Amino acid sequence: MNKVYELESANKSEELFKYLLIVQCNALNNILPGMFQRIDDYTELLLPDWIVHYMVENSLGRLWLEGHPNDALKSE
C-alpha cells in the first residue's frame, strides 16, 4: 500500500496503473495459474505506455455515444 500511496501522491497515474495491474495478475496467478502467468520484474517493461490513454479514450468514447444515441457516429 505504501507504493500505491507514493505513486498516487506523486501523480504518477500510469506507473500506478501498471503496478496495480501487475499485482492483480500475480494475485490471480495464485487462484487461476492456468489463466494468469506470474509477472516478474523484467516483463514489467513490456507493458506499453499507452494502456492508460487507450482505456481513457475508449471509455470516454463509449460514454459519449451513450449520451448521444441518435448521432450518426454511433452507426460507425
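## Asparagine 29 and its contacts

In this predicted model, asparagine 29 touches Phe36, Gln37 and Arg38, when residues up to four places away in sequence are not counted. Asparagine 29 lies in helix α2, and because its relative accessibility is 16%, which falls under the 20% limit, it counts as buried.

## Helix α2

The helix that holds asparagine 29 runs over residues 13–31 and has 19 residues. From its first C-alpha to its last, α2 reaches 27 Å, which is close to the 27 Å expected at 1.5 Å a residue. Asparagine 29 is one of the buried residues listed for this helix, and the others named with it are Leu16, Ile22, Cys25 and Asn26.

## How α1 and α2 pack

How do the axes of α1 and α2 lie relative to one another? They come within 8 Å and cross at roughly 160°. Because an angle over 145 degrees counts as roughly antiparallel, α1 is described as roughly antiparallel to α2. The handedness of the arrangement can be stated as well, since α1 passes α2 in a left-handed crossing.

Which residues meet where the two helices are in contact? On the side of α1 they are Lys3, Val4, Leu7 and Glu8, and on the side of α2 they are Glu15, Leu16, Tyr19 and Leu20. Sorted by class, this contact has five nonpolar and three charged residues, with no polar ones. Leu16 therefore appears in two roles, as it is buried in α2 and also takes part in the contact with α1.

## Tyrosine 5 in helix α1

Tyrosine 5 is found in helix α1, which covers residues 2–9. Is this residue buried, partly exposed or exposed? Its relative accessible area is 49%, and because the range from 20% to 50% is the one called partly exposed, tyrosine 5 is placed in that group.

Tyrosine 5 can also be related to a residue of the other helix, for leucine 16 stands eleven residues away from it in sequence, while the two are 9.1 Å apart in space, taken from C-alpha to C-alpha.

## Asparagine 11 in the loop

Between α1 and α2 there is a loop, and asparagine 11 has its place there. With a relative accessibility of 68%, which is over the 50% limit, asparagine 11 counts as exposed.

What is notable about the backbone at asparagine 11? The residue has a positive phi of about 60°, although it is not a glycine. Most residues other than glycine have a negative phi.

How values were computed: Residues numbered from 1 in each chain as written. Predicted model: local features only at pLDDT ≥ 70, side-chain atom pairs only at ≥ 80, totals over all residues. Heavy atoms only, no water. Helix = DSSP H or I, 4+ residues; strand = E, 2+ residues; numbered from the N terminus. Buried < 20%, exposed > 50% of the residue type's maximum accessible area, 1.4 Å probe, protein only. Expected span 1.5 Å × (residues − 1). Axes fitted to C-alpha atoms, helices over the stretch in contact; angles between N-to-C directions. Parallel < 35°, antiparallel > 145°, perpendicular 65-115°, else oblique. Left-handed = near helix turned anticlockwise from the far one by under 90°. Contact = heavy atoms within 4.5 Å. Nonpolar A, V, L, I, M, F, W, Y, C, P; charged D, E, K, R; others polar.
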